Amino acid sequence: MKTAITELFGIEHPIVQGGMHYVGLAELAAAVSNAGGLGILTALTQPTPNDLAREIARCREMTDKPFGVNLTFLPARTPPDYRGYIAAVVEGGIKVVETAGNNPQPWLPVLHDAGIKVIHKCTSVRHALKAEAIGCDAVSVDGFECGGHPGEDDVPNFILLPRAADELRIPFVASGGMADGRSLVAALAMGAAGINMGTRFVATQEAPVHPKVKDAIVSATELDTRLVMRPLRNTERVLRNEGVERLLAKERELGQNIKFEDILDEVAGVYPRVMRDGELDAGAWSCGMVAGLIDDVPSVAALIERIMAQANTIIRERLHGMVA
């Protein structure tokens with residue numbers, strides 16, 4: 001299947017694995033790339049730029065296909081060594097970087113000078129247009145359904161994707177609610193050039209997370225996510241658990257007076273405890289509503305093959321038959 005995204009990134013299938021904290025490691029990224037998609041390493045999961053360089057080298061040993069690196073730019077009193085992480089990306093020969101969080105504009109020149117294509121995660125059309133204006137090569141348009149941070153506009157993909165298609169000139173992938181061939185065909189119909197999957201890739205054999213995490217996603221329905229940190233305007237969609245219920249109770253009790261410090265126990269340092277150690281109730285961890293469409297833990301190769309086969313069947317048989 002050829003789309004603007006497969007051509008831009010040099011991949012076989014228009015399927016991108018989103019950057020995910022303590023999930024985007026070499027095992028998963030290499031598996032996605034080997035299966036014809038675009039695997040993504042998550043830079044800030046690595047404690048230092050040297051650690052990222054080693055992870056890039058480790059992934060390179062597992063695949064000879066293109067893979068990328070996620071760089072999330074976050075406000076912090078002591079920011080990460082972004083200059084060092086970018087140096088590791090450039091020196092590691094990476095050709096695709098997924099940026100997220102704050103405006104990546106200060107870092108675009110060095111990335112583009114190294115021949116790197118940049119795809120920026122956006123939760124609104126206005127942010128996508130800004131990404132286009134500053135020179136990003138593509139964007140990931142994240143609807144309200146997505147796991148992680150859906151923004152503050154609450155616009156689902158059935159509206160957001162056609163709006164993005166109406167406004168953007170650069171290609172974009174659809175993120176949020178993407179799980180199968182139906183998702184891919186729907187995204188293409190609404191103007192996207194591919195899909196970005198996060199939660200669906202967590203529930204795969206190669207995902208380097210605790211089996212309890214995968215089981216929790218398979219067991220969840222579309223009703224089992226919650227939105228947290230709304231009063232802080234840092235909304236995150238997470239899987240319901242005891243830690244999340246504690247967090248929501250604090251939000252109800254403190255209302256608009258809540259501060260980030262009040263919920264540190266439920267959000268700080270949670271990911272290694274959940275993803276690595278299987279402490280599912282430690283606190284808030286990202287999960288999309290798409291969990292309701294996930295009922296197995298296949299290999300990455302089997303999943304991508306299944307998605308493409310279903311998409312081709314829908315396009316060639318079901319939809320074509322309607323037109324004929």
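## Buried acids, salt bridges and a pocket

Glu266 counts as buried, since its relative accessibility is just 4%. That makes a handy way into this predicted model, where the count of salt bridges comes to 17. Below is a quick tour of some of those pairs, then the second largest pocket and a nonpolar patch on the surface.

**Salt bridges**

- Glu266 and Lys250 meet through their side chains in a salt bridge, at 2.8 Å from N to O. The two sit 16 residues apart and link distant parts of the chain, with Glu266 in helix H12 (residues 264-267) and Lys250 in helix H11 (residues 242-254). Lys250 is partly exposed, at 22% relative accessibility, whereas Glu266 is buried.
- Asp154 and Arg230 form another salt bridge, this one 2.6 Å from N to O. Asp154 is in the loop between strand E6 (138-142) and H7, and Arg230 is in the loop between strand E9 (225-228) and strand E10 (236-239), so this pair ties together parts that are 76 residues apart in sequence. Asp154 is partly exposed at 31% relative accessibility, and Arg230 is partly exposed too, with a relative accessible area of 28%.
- Asp180 and Arg182 also pair up in a salt bridge, at 2.7 Å from N to O. Here Asp180 counts as buried at 13% relative accessibility, while Arg182 is partly exposed with a relative accessible area of 49%.
- Glu27, Glu55 and Arg58 are joined in a network of salt bridges.

**The second largest pocket**

- This pocket holds about 280 Å³ of space.
- Its lining takes in 18 residues, and Glu145, Gly176, Gly177, Met178 and Ser183 are the ones that lie nearest the centre. Helix H7 (157-167) and helix H8 (181-189) are the elements that give two or more residues to that lining.
- H8 supplies the largest share, with four residues.
- By character, the lining splits into nine nonpolar, five polar and four charged residues.

**Surface patch and a loop residue**

- Met1, Ile315, Leu319 and Met322 make a nonpolar surface patch of about 330 Å². Met322 belongs to helix H14 (residues 300-323) and counts as exposed, at 57% relative accessibility.
- Leu293 sits in the loop between helix H13 (270-276) and H14, where it is partly exposed with a relative accessible area of 46%. Between the C-alpha atoms of Leu293 and Val238 there are 16 Å, and the two residues are 55 apart along the chain.

Conventions
Residues are numbered from 1 along each chain as its sequence is written. This is a predicted model: local features need pLDDT of at least 70, side-chain atom pairs count only at pLDDT 80 or more; totals for chains, interfaces and linings use all residues. Side-chain values use heavy atoms; hydrogens and water are left out. On a 1 Å grid over the protein atoms alone, a cavity is a set of points where a 1.4 Å probe fits but cannot get out, and a pocket is an open set with protein on both sides within 12 Å along at least five of seven lines; lining residues have an atom within 4 Å of a point. Grid points are joined across faces, edges and corners, and a volume is the space filled by probe spheres set on the points. Ala, Val, Leu, Ile, Met, Phe, Trp, Tyr, Cys and Pro count as nonpolar, Asp, Glu, Lys and Arg as charged, and the others, Gly among them, as polar. Patches are made of residues with over 30% relative accessible area and no salt bridge: like charges are joined within 9 Å, nonpolar side chains (Val, Leu, Ile, Met, Phe, Trp, Tyr) within 5 Å. Accessible areas come from the Shrake-Rupley method with a 1.4 Å probe; for residues, only the protein chains shown count as cover. A salt bridge is a side-chain nitrogen of Lys or Arg within 4 Å of a carboxyl oxygen of Asp or Glu. Buried means under 20% relative accessible area, exposed over 50%, partly exposed in between (1.4 Å probe, protein chains only).
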